[in-house]
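Here are some notes for a colleague who is about to go through this model. Each point takes up one region and can be checked against the coordinates.

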Amino acid sequence: MTPGPDLQQLINTIKDDTGSDDELLQLATAASTISELTSTGDAALGFFVDRARGAGKSWVEISAVLGVSKQAAHKRFADSFGTKSLDRFTPRTTAVVRAAVDVANGRNQHFVGAEHLLLAFFTQPAALATQVLVGRGLTEQKLHEAVELVSPVETTPPPKPIDAEDPPYTRGATHVLQGAVASALTLGHNYVGTEHLLLSFYRDTGGIATKILIEQGLDEDTALRDIRGLLDQLAK
């Protein structure tokens, strides 16, 4: 196994990055660096947990490898997606996530599913994910119709709208939101854009939204190729 940096190497790196002998500046750099390492480590661990789940491994097997209880592993990697989890999300990605609540409310549904996240892309026309969808002929109307076939609009509104500050995400939506961080990590990015959110749909091949994407002709390889193309254009 490739060893990580030892304590002295990490200290030297922090001092070099600070570019100053001021102790408070070095402390600030250290705090930022450690936070970044922790977040990246968590995302990397989540990536491999996600792969294990996709390969059919149970939470009992995963928790045994991690050395924690099944409940602890499940709570950390599957149960929730809080507002703090949006820290690395770009403004457009955050807007899409929040718009998914409006989509769900508009469909009189009392939960936020992956299909609502998919439809919410169209609230951000300039987003890379939306450009990929539209570029492949997956218009807002076409996807609305596809979602309607498998998850019709409820005729009776729920007693109260979904709380935008604490949305009841389905397991599928949670899986997509958490997986977006791993998708970004895979591409070597330190932010979570709408393109990473789109790629994350393919981590759950049994999900409603994923099936719709594939049935509409947008598989993972095509989506990734289109995203890379758009990123290359932006880099020029």
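**Notes on a predicted model**

1. Isoleucine 208 is placed in helix 11, which comprises residues 208-215. The structure is a predicted model, and in it isoleucine 208 has a relative accessible area of 35%, so that this residue counts as partly exposed. Its C-alpha atom lies 8.4 Å from that of glycine 172, although the two residues are 36 positions apart in sequence.

2. Isoleucine 208 also contributes to a nonpolar surface patch of about 310 Å², which it makes together with Leu149 and Val150. Of these partners, valine 150 belongs to helix 8, residues 140-150.

3. Helix 1 can be checked for its length: at 1.5 Å a residue, the twelve residues 7-18 should span 16 Å, and the end C-alpha atoms are 17 Å apart, which agrees. The N-terminal end of helix 1 is capped by aspartate 6, one of whose side-chain oxygens lies 3.2 Å from the backbone nitrogen of glutamine 8. After helix 1 comes glycine 19, with a positive phi near 70°.

4. Which residues of helix 3 are buried? In this helix, residues 59-66, they are Trp59, Ile62 and Ser63. Because these residues cover an arc of only 95° around the axis, they are on the same side of helix 3. An α-helix has 3.6 residues a turn, so residues three or four places apart point the same way. The other side of helix 3 carries the exposed residues Val60, Ala64 and Val65, and just after the helix glycine 67 takes a positive phi of about 75°.

5. Threonine 93 is located in helix 5, residues 91-106. Its relative accessibility is 0%, and since buried means under 20%, threonine 93 counts as buried. The side chain of threonine 93 nevertheless has a polar contact, reaching the backbone nitrogen of threonine 194 at 3.0 Å.

6. The loop between helix 5 and helix 6 (114-120) contains asparagine 108, a residue whose backbone deserves a look. Asparagine 108 is not a glycine, yet its phi is positive, at about 60°. Most residues other than glycine have a negative phi. The positive phi values after helix 1 and helix 3, by contrast, belong to glycine 19 and glycine 67.

Key. Residues are numbered from 1 along each chain as its sequence is written. This is a predicted model: local features need pLDDT of at least 70, side-chain atom pairs count only at pLDDT 80 or more; totals for chains, interfaces and linings use all residues. Side-chain values use heavy atoms; hydrogens and water are left out. Buried means under 20% relative accessible area, exposed over 50%, partly exposed in between (1.4 Å probe, protein chains only). Helices (H or I, at least four residues) and strands (E, at least two) are DSSP runs, numbered from the N terminus. The arc is that of the directions from the helix axis to the C-beta atoms. The expected span of a helix is 1.5 Å times one less than its number of residues. A polar contact is a pair of N or O atoms within 3.5 Å; within protein, one must be able to donate a hydrogen and the other to accept it, and residues adjacent in sequence count only if both atoms are side-chain atoms. Patches are made of residues with over 30% relative accessible area and no salt bridge: like charges are joined within 9 Å, nonpolar side chains (Val, Leu, Ile, Met, Phe, Trp, Tyr) within 5 Å. Accessible areas come from the Shrake-Rupley method with a 1.4 Å probe; for residues, only the protein chains shown count as cover. A salt bridge is a side-chain nitrogen of Lys or Arg within 4 Å of a carboxyl oxygen of Asp or Glu.
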